[in-house]
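Open the viewer, keep the sequence at hand, and work through these short exercises at your own pace. Each task comes with a solution in steps.

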Amino acid sequence: MDTELTYKIKTLEDQNRIKNELELLKESLFEGGEHSFETTIKTNVRAFVAEIVEKEIAGKKMPQKEYLENVLKEIKKLETMKVYLSFEPTLLTLEKFSEYVKTNVSKYIVMDITYDPSLIAGTKIIYKGIYKDFSYLKLFETNWLSNREEIKHLIAETQNG
Amino acid sequence: MISLPYYVFNSILLFGIGSALLIVGVGVLYIRTIRKYLTEKEKRIKMEDNLDAKVAERIKEARKKSEEIIEKAVQEAEEITQSATNFTQKTKGFLEKDVDSTSKEYLHYYQEILNEVGKEAVERMDNVSEDIKGDLKIKVEDFTKSLYEKIVETHSVASKALQDTYKKAELEVEDYKNKRIQDIENSLLHLVERIVKKVLEREISLEEHEKLVIKSFEEAKRQKMFK
């Protein structure tokens, strides 16, 4: 089932959080009073999530339980792409990365972000067991090693004035 | 009453008579012996008295004679002593003269001998000295030659050892120098590397980081990582 929530999930953290909210809503279906679905969706679920859920239940004309089970099933199917960054990204940065991935690669991909300052710049990616290093650390080390003798020569020249 | 046989009675009678005769004989013999003893004793006493008188007289005579002899002996002894003293004095004079002259002669004689022996000793010593000198010279020359050879040999060995040690030390110094230069170069490179990294990290803006990550995604897609 296609749901807008898939597009809202950028990171693994987002996936877990939305999954927990949907499971809470699913459990509230069997509760009453202050733990009822209506109360829970207003008090324990973020606004944008609640808005999408209410809109899609109404639009698809599906029972709440069926909708929630399908959406949960869809969310659990999302594939993780591990991404190493040399900086700590802002929310906007994550949205940019997610937009690119979902548009150019697949909307069923969710990023698992890890901060690694040694990378200098660029990124390292692990997806479906494949590892690629596009960091500047690798570029730097490759160039540094190949130009090591030249750099030593430059250092010697600097020392000799 | 018991009656003895006749022969027993005769025997006892004979034994009794024999015994009586024996006792009488023994008694007579005893009396005679006593008498003889007493007579002899009386004679001896008389003889002793006579002997004592004679002995005393003889002793007196002997004493007198001995005194005379002693007196004579003393007189003769004095005479002998006197003559001996005279002789000794004379002899002493002669002996002193003889000893003196003999001593002088012997002294002179010994002096001559000593001089001769001395001369001979000096001559011999001179010869010995010359011989020793010759031997010593040869030995000193041999020793000097041997010593020189040893010194040359030792100098050669020491020189070689010194050269080897110097070369080894030079190599060690060179190795150490190269190692130190290598260490310094590595330290410098490591330092430059760290500085470059830090500069890059600081100099790259957030926007540039984002662009570089997007570029990485594009490269991953180009390499068909997401197929």
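The exercises below concern a predicted model.

**Exercise 1. Find where confidence is lowest and where it is highest in chain A.**

Step 1. Begin with the whole chain: the mean pLDDT of chain A is 90, and 99% of its residues score at least 70.

Step 2. Now go element by element. Helix α8 (residues 148–159) of chain A has the lowest confidence, with a mean of 76, while strand β1 (residues 79–85) of chain A has the highest, at 96.

Step 3. Keep a reading rule in mind: where pLDDT is low, predicted coordinates should not be read in detail.

**Exercise 2. Describe chain B by its helices and strands, then by its buried residues and exposed area.**

Step 1. Chain B contains two helices and zero strands.

Step 2. Of the 227 residues in chain B, 6% are buried.

Step 3. The chain exposes about 20,900 Å², and carbon and sulfur atoms supply 62% of that area.

**Exercise 3. Work out which parts of chain A are tied together by the salt bridge between A:R46 and A:E21.**

Step 1. Check the contact: the closest N and O atoms of A:R46 and A:E21 are 3.1 Å apart, within the 4 Å cut-off for a salt bridge.

Step 2. Place both partners. A:R46 sits in the loop between α3 (37–43) and α4 (47–60) of chain A, and A:E21 belongs to helix α2 (residues 12–28) of chain A, so the bridge ties together parts that are 25 residues apart in sequence.

Step 3. Compare their surroundings. A:R46 is partly exposed because its relative accessibility is 21%, and A:E21 counts as buried because its value is 7%; the limit for buried is under 20%.

**Exercise 4. Trace the salt bridge of A:K96 and B:E210 from helix to helix.**

Step 1. The two side chains meet with a distance of 2.8 Å, N to O.

Step 2. This pair crosses between chains: A:K96 is in helix α6 (residues 91–104) of chain A, and B:E210 is in helix α2 (residues 206–222) of chain B.

Step 3. At 38% relative accessibility A:K96 is partly exposed, whereas B:E210, at 8%, is buried.

**Exercise 5. Decide how B:E219 and B:R222 are placed along helix α2 of chain B.**

Step 1. Their side chains form a salt bridge of 2.6 Å, N to O.

Step 2. Both residues lie in helix α2 of chain B, three residues apart, which is about one turn of the helix.

Step 3. B:E219 is partly exposed at 25%, and B:R222 is exposed at 59%.

Step 4. For the wider count, the structure holds 15 salt bridges over all chains. A:K26, A:K65 and A:E69 are linked in a network of such bridges.

**Exercise 6. Locate a nonpolar patch and a negative patch on the surface of chain B.**

Step 1. The nonpolar patch is made up of B:Y30, B:I31, B:I34, B:Y37 and B:L38, with about 540 Å² of accessible area together.

Step 2. Take B:I34 as a marker: this residue is in helix α1 of chain B and is partly exposed, at 35% relative accessibility. A patch member needs over 30%.

Step 3. The negative patch consists of B:E170, B:E172, B:E174 and B:D175. Here B:E172 can serve as the marker: its place is in helix α1 (residues 6–203) of chain B, and it is partly exposed, with a relative accessible area of 48%.

Methods:
Residues numbered from 1 in each chain as written. Chains lettered and ligands numbered in written order. Predicted model: local features only at pLDDT ≥ 70, side-chain atom pairs only at ≥ 80, totals over all residues. Heavy atoms only, no water. Patch = residues over 30% accessible without salt bridge, like charges linked within 9 Å, V, L, I, M, F, W, Y side chains within 5 Å. Areas by Shrake-Rupley, 256 points an atom, 1.4 Å probe, with all protein chains shown as cover. Lys, Arg positive; Asp, Glu negative; His and termini not counted. Charge placed at Lys NZ, Arg CZ, Asp CG, Glu CD. Helix = DSSP H or I, 4+ residues; strand = E, 2+ residues; numbered from the N terminus. Buried < 20%, exposed > 50% of the residue type's maximum accessible area, 1.4 Å probe, protein only. pLDDT = per-residue confidence, 0-100.
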